[in-house]
Amino acid sequence: MATPLIVSFGEMLIDFVPDTSGVSLAESNGFLKAPGGAPANVACAISKLGGKSAFIGKFGDDEFGHMLVNILKKNGVNSEGVCFDTNARTALAFVTLKKDGEREFMFYRNPSADMLLKESELNKDLIKKAKIFHYGSISLISEPCRSAHMAAMKTAKDAGILLSYDPNVRLPLWPSSKAAIEGIKSIWNEADVIKVSDDEVAFLTNGDAEKDDVVLTLMHDKLKLLIVTDGEKGCRYYTKKFKGKVAGYAVKSVDTTGAGDSFVGAFLVSLGKDGSILEDEGKLKETLAFANACGAVCTTQKGAIPALPTPSDAQQLMKSKSK
């Protein structure tokens, strides 16, 4: 059977990460440049786990833009959906790593090339070949990218392709919290599968993310699966028929960048191969345990893409913890 294609849509940028953890941006002496952007991380995660992925997005026609596209290619990601803008720069973000590996962001995008993707530049044929179309919410913040995002989703939906949504809330990029909630929820009811973090549940509902009844307010009629990630504690899953939780794996975290994307990539690879995991709770739990392991492995190394695990990395962690 041919490996199913998963198309990821959105932004890819350069993260500048301090070479010392636990210091502010101003206190940092030097920065390491690391490729970032959640949808691109997911595409690379899929490829590294043996899946087949493509990325659709726009880059500045600059050294950083070409460097990022080369990184996609090196990681086995199809780049037929990529285009360049001669008038805008590739986006940059300065990331502070706090002592616990958590992050703060300062973005340089005014406007960056990814925000300027137009509907006419979409590779719709590539989208139509997908089994799953995955996206975030940063591409909804401004025009023309928002319209391109909506058109890409419609193309996928009309072709009967499964829609996967990880909002990846980045508040500094939105005009306000209210705009962020409205923008993120504007496409909520289109998705078949949604993954949110516990912090994002709290932000979107203004409620206690640990309570099932709060999480369930995010369910909608067409939603086949809602996943809530709880960091190292693991994740929870909600469908119309069942709900539960899957424990995570305790590891020594160095940098949480890309952990959620590693989790999503692992989940989507499994879902692409076997759609019945949405109906079969036993299979779903196995899939989510593997995804948890992939997320955990990713935190043990700095950077997102370099830290993405292979299947054997994740399986090794699962074995070592099951003794």
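Helix α9 (residues 281-298) packs against helix α10 (residues 311-321) at an angle of about 100 degrees, with the two axes 9 Å apart. Axes here are lines fitted to C-alpha atoms, for helices over the stretch in contact, and angles run from 0 to 180 degrees between N-to-C directions. Helices (H or I, at least four residues) and strands (E, at least two) are DSSP runs, numbered from the N terminus. The angle makes α9 roughly perpendicular to α10. Angles of 65 to 115 degrees count as roughly perpendicular, under 35 as roughly parallel, over 145 as roughly antiparallel and the rest as oblique. From α9, the contact is made by Ala-289, Phe-290, Ala-293, Cys-294, Ala-296 and Val-297. From α10 come Pro-311, Asp-313, Ala-314, Gln-315, Leu-317 and Met-318. Contact means heavy atoms within 4.5 Å. By class, ten residues of the contact of α9 with α10 are nonpolar, one is polar and one is charged. Ala, Val, Leu, Ile, Met, Phe, Trp, Tyr, Cys and Pro count as nonpolar, Asp, Glu, Lys and Arg as charged, and the others, Gly among them, as polar.

The model is predicted: local features need pLDDT of at least 70, side-chain atom pairs count only at pLDDT 80 or more, and totals for chains, interfaces and linings use all residues. Residues are numbered from 1 along each chain as its sequence is written, and side-chain values use heavy atoms, with hydrogens and water left out.

The chain holds ten helices and 13 strands. Its C-alpha trace spans about 50 × 45 × 40 Å along the principal axes. The radius of gyration is 18 Å, which agrees with the value near 20 Å of a compact globule of 323 residues. This radius is taken over C-alpha atoms, and the globule rule is 2.2 Å times the number of residues to the power 0.38. Of the 323 residues, 57% are buried. Buried means under 20% relative accessible area, exposed over 50%, and partly exposed in between (1.4 Å probe, protein chains only). Contacts between residues at least 6 apart in sequence join residues at least 24 apart in 70% of cases.

A second helix pair involves α1 (residues 38-48) and α8 (residues 259-273). Their axes come within 8 Å and cross at roughly 50 degrees. The two helices are therefore oblique to each other. The crossing of α1 past α8 is right-handed, that is, the near helix is turned clockwise from the far one by less than a right angle, where anticlockwise would be left-handed. Ala-38, Asn-41, Val-42, Ala-45 and Ile-46 of α1 make the contact. Their partners in α8 are Asp-261, Ser-262, Val-264, Gly-265, Leu-268 and Val-269. Seven residues of this contact are nonpolar, three polar and one charged.

Helix α1 is largely enclosed by the rest of the structure, because ten of its eleven residues are buried. The buried stretch includes Pro-39, Ala-43, Cys-44 and Ser-47. Their cover includes β1 (5-9), β3 (31-36), β4 (52-60), α2 (63-74), β8 (132-135) and α8. Gly-50 follows α1, with a positive phi near 90 degrees.

Two further buried sites were examined. Ser-164 lies in strand β9 (residues 162-165). Its relative accessibility is 4%, so Ser-164 counts as buried. Beyond residues up to four places away in sequence, Ser-164 touches Ile-132, Phe-133, His-134, Tyr-135, Val-193 and Leu-268. His-149 sits in helix α4 (residues 145-158). His-149 is buried, at 0% relative accessible area. Leaving aside neighbours within four places in sequence, His-149 contacts Phe-9, Tyr-135, Gly-136, Ser-139, Leu-140 and Ile-187.

The backbone shows several special geometries. Most residues other than glycine have a negative phi, and most peptide bonds are trans. A cis bond joins Asn-110 and Pro-111, with omega about -25 degrees. Pro-111 falls in the loop between β7 (103-108) and α3 (124-128). The bond from Glu-143 to Pro-144 is also cis, with omega near 5 degrees. Pro-144 is placed in the loop between β8 and α4. Asn-168 has a positive phi, near 50 degrees. Asn-168 belongs to the loop between β9 and α5 (177-185), and is buried at 11% relative accessibility. Phi of Asn-206 is positive too, near 60 degrees. Asn-206 occupies the loop between α6 (198-205) and α7 (212-215), and is exposed at 73% relative accessible area.
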